[in-house]
Amino acid sequence: MVNTGASTVTVQLKRRIAHLDMDAFYASVELLRYPQLKGLPVVIGGGRRKVDEAVEKLAQDQTRADIPLDAFAKLKDYTGRGVITTATYAARQFGVGSAMGLMKAAKLCPEAILLPVDFDQYRHYSRLFKETILEFTPLMENRGVDEVYIDFTDVPGGQRQGGKSLAKLIQQTIYERTGLTCSVGVAPNKLLAKMASEFNKPNGISIVFEEDLQSMIWPLPCRKINGIGPKMDEKLIKHGIQSIGDLAAKDPAWLIDNFGKSTGAWLHRAGWGKDDNPVSLNSEPVSISRETTFDRDLHAVRDKAELGAIFTKLCEQLAADLQRKAYVGKTIGIKVRYTDFKSATRDQTLDFYTDDAATIRQAAGLCLKRMPLMQRLRLLGVRVGSLMKSEAVVTPPKQTSPTMAQDLVTQMLNGDNE
């Protein structure tokens, strides 16, 4: 709003949405603790191993920065079924990336340093960088441990240079507070902002205006659109649609005929860079889960003791996550992945909310009983959904003892699954 003396003129500000993504977040946190690993290929993944325990003991007697390189685990020595959580940019140059099997990665970069996942540290730094952002503006949408959306539109400085000035100030302050870098994309909406944040990684800032659609967005492959996964991308390519420009050129009616009413309409809008979704200030998790990939395939009957112990641990870890984050839930679900990489899920909804490990295990055990278990399993996961904040719900007394839950799952595993 501008006051001209005789009259007041309302100025419509251009919508400016930022997507801030921490650079190689888990790996960067580890490099803060172990600066001697900077510039080296480092992979984060799997659980804690004997060599990792040895490194921790060394850290008790000297500073972490002084631990020699030969004390750390090497990727070439790894055996098991674990996958990569993240990798440093130096490791990515070898073709190593997130979700890749550790043993496959070992063939690409055998000399890479292998570190275990340390979620407590990552959550600590996640809180730090988000608290820093909130000092500049409350208009932040939490999208996970390492990324957020921020509405710059009405924030002081948010319009200057299309949002670049504010993005640079936030970026610099996060680095001063945490020692970590981030990349920021600022655009007219969340769809374009997320793509823009990838343009100049690491530690970059990219600004996109509506008039940049044709030159900056259309040449990109369709998979760069948040929401287009491998299967959708494969289907688009089969129809000759490889770039976002190709997608924008398609008639909306054709997209609807081939992809369905809602998906087709969304694809047309995405191709033209349109997204009206607001930055949600009250974004809450839909569910919280824990899962693990086994070091070897397990059979529900012949490996019931090992499988049962893993199942119990997952439920206990999940309950601890809920309690730490102050959530309770009432929909308990499980996920299994078989040796042929096909997955299956089952869930059930309780009559009450819970964050109790034994209760979660009992309900998850009933779900597992409904699951086909003839094949060996390579992955098991447990999930709690229909979440509410603990203080908003009166929970009943804990009704199920660990022994009862153990007996239930043991009985299930001894069923007709040979």
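A residue counts as partly exposed when its relative accessible area falls between the buried range, under 20%, and the exposed range, over 50%. By that yardstick Asn203, at 42%, is partly exposed. The structure discussed here is a predicted model, and Asn203 makes a handy place to start looking around it.

Asn203 sits in the loop between H7 and E11. Its phi is positive, at about 60°, even though the residue is not a glycine. Right in that loop, between helix H7 (190–196) and strand E11 (205–207), there is also Pro202. The peptide bond leading from Lys201 into Pro202 is cis, with omega near -5°. Both features stand out against the usual pattern: most residues other than glycine have a negative phi, and most peptide bonds are trans.

Another positive phi turns up at Ser386, which is not a glycine either; here the angle is near 50°. Ser386 lies in a loop too, this one linking strand E15 (377–385) to strand E16 (388–389). With a relative accessibility of 38%, Ser386 is neither under 20% nor over 50%, so it goes down as partly exposed.

Moving on to the helices, H5 covers residues 119–134, 16 residues in total. How far apart should its ends be? At 1.5 Å a residue, the helix should span 22 Å, and the end C-alpha atoms are indeed 22 Å apart, so expectation and model agree. A good part of H5 is tucked away from the surface: Tyr122, Arg123, Tyr125, Ser126, Phe129, Lys130, Thr132 and Ile133 are buried. That list takes in Arg123 and Lys130 alongside Phe129 and Ile133.

As for sheets, one open sheet is built from 4 strands in the order E5-E7-E4-E6, with mixed pairing. Its edges are strand E5 (73–74) and strand E6 (84–87), each of which pairs on one side only. Strand E4 (residues 42–45) runs antiparallel to E6, and 3 bridges join the two. Within that part of the sheet, Gly45 faces Ile84 of E6.

Last come the cysteines. Cys182 has a relative accessible area of 0%, which is under 20%, so it is buried. Cys222 is buried as well, again with a relative accessible area of 0%. A disulfide is a covalent bond between the sulfur atoms of two cysteines. How many disulfides does a search of the whole structure find? The count is 0.

Conventions: Residues numbered from 1 in each chain as written. Predicted model: local features only at pLDDT ≥ 70, side-chain atom pairs only at ≥ 80, totals over all residues. Heavy atoms only, no water. Expected span 1.5 Å × (residues − 1). Buried < 20%, exposed > 50% of the residue type's maximum accessible area, 1.4 Å probe, protein only. Disulfide = S-S within 2.5 Å. Pairing = 2+ DSSP bridges.
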